[in-house]
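User: Could you take a close look at one part of this model for me, strand by strand, and then carry on to whatever else can be described in similar detail? Keep it relaxed, but do name the residues.

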Amino acid sequence: MLERACECAAEGTGVERTKVLRYREEADDLLIIAGIGWKPGIVGQRSLPSDMRSPPGLTYRANTPTFIDDLPNAPDFDYSDLLREHGIVSVVNVPITVEETVWGVLEVDSVKLRRFDADDREFLCGFAEIIGRSIQNRQQLERVRQTGLDQQIELREREALFRELQHRVGNQLQLIVGALEIAGTRITDPAGRKIVEDLNQRVVSIARSHEQLSLARVERDISIGAFFQRLLPTLPVPDRVEMLSSIEDAAVPLGTAVRLGLIVNELVTNSVKHAFVAGKGHITIALNAGAEASGSTLLVSDDGAGMSSPEGDGAGLGLVRTLAAQIGGSVDWTSGEGGGTKVVVNFPLKTA
């Protein structure tokens, strides 16, 4: 871009040589980073002083254009070896500002004695402003790109940590399940064994939901349809009970999906244990992702023996209420048509 800018500056002023100089703080000089008409080995390697006796140095320090018609005979300026060996006589230097700070200098060099007029001044100052804005835009794009790279690096680090955490949590859940199973076999009291079995079933439910998590979903909403497609086949439903499902797909927060999965697991487990003690039947699971953010419903119903009161299984239904409340929802229990139990969870789709 800067090489093309030098070409345009030369064409606009009718001179042989132009260059762009960038201030280097570590060397306290002005490095020629672009230019046309110069001998090999100049651009990118040679520099000019940045003090007040140097034409580009004065421009950089004072942030003002410098016009010199006869540099070799100008008492206030030094005639550098670089300009001398190229036979430069007349020069113009204009500051290039980026974000209100002098970034560098655009210099026009003529090998012929020339008096640059007001039109040249207006053209070069305006052109230097365009260069400065272009540099500023590129710097902003680079910052955006670098920010994106930093976020990608941070995300990869978080994914690695999450993967390790997920692995350890999975192992711990399996250990708990195993310990509860062993404890259940050692308990002779039927009531105590039932408590351990119920607790074990809930831990298994948590473990299954944990398995549904994937790194790709940690930072964004997930597909509730895909989530239930993987979850439903893992539910503890015997062959004598047919499970029917109708799940509308929608993007939901990860926390909402996990809690809905736990609710379904709890209600299905209750139906299998209490509604179909020995007989056959059906369990229906339906999710309606309403158009309104607060109008979504989850239905779990069965055609089994039914339950006389929502308090009939206080621990399980209390867990369902707690999970629903965590996603801003509510729970209604009613008797199903023709018997059975119908549980409806109303919840906002976009609240985790």
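Analyst: Let's start with β11 and β13 (residues 341-347): six bridges join these two strands, and they run antiparallel. This is a predicted model, so read every contact here as a feature of the prediction. One facing pair to look at is S296, which sits opposite F347 of β13. β11 also has a partner in β10 (residues 281-288), again antiparallel and again through six bridges. In that pairing, N288 stands opposite T297 of β11. As for how covered β11 (residues 296-302) is, five of its seven residues are buried, so the strand counts as mostly covered.

As background, strands in a sheet pair through backbone hydrogen bonds, in either a parallel or an antiparallel way.

Now to the N-terminal end of the chain. There you'll find an open sheet of six strands, ordered β3-β2-β1-β6-β5-β4, with antiparallel pairing. Its edges are β3 (47-49) and β4 (66-68), each of which pairs on one side only. On average, neighbouring strands in this sheet are turned by 25° against each other, ignoring direction. Zooming in on the β3 edge, β2 (residues 29-36) pairs with β3 in the antiparallel sense over three bridges, and L30 stands opposite L48 in β3.

Two helices go with this sheet. α1 (residues 2-13) packs on it, touching β1 (17-24), β2 and β6 (101-110), and its direction makes about 75° with that of β2. α2 (residues 55-62) lies across β1, β2, β3, β4, β5 (90-98) and β6, and runs at about 30° to β5.

α1 is worth a longer look. It has twelve residues and reaches 17 Å from first C-alpha to last, close to the 16 Å expected at 1.5 Å a residue. Its buried residues are L2, A5, C6, A9, A10 and T13. Because they cover an arc of only 135° around the axis, these residues sit on the same side of α1. The general rule behind such a pattern is that an α-helix has 3.6 residues a turn, so residues three or four places apart point the same way. Right after α1 comes G14, whose phi is positive, near 70°.

To pull the two parts together: β11 is joined by six bridges to β10 and by six to β13, while in the six-stranded sheet α1 packs against β1, β2 and β6.

Notes
Residues numbered from 1 in each chain as written. Predicted model: local features only at pLDDT ≥ 70, side-chain atom pairs only at ≥ 80, totals over all residues. Heavy atoms only, no water. Pairing = 2+ DSSP bridges. Helix = DSSP H or I, 4+ residues; strand = E, 2+ residues; numbered from the N terminus. Axes fitted to C-alpha atoms, helices over the stretch in contact; angles between N-to-C directions. Contact = heavy atoms within 4.5 Å. Expected span 1.5 Å × (residues − 1). Buried < 20%, exposed > 50% of the residue type's maximum accessible area, 1.4 Å probe, protein only. Arc of directions from axis to C-beta.
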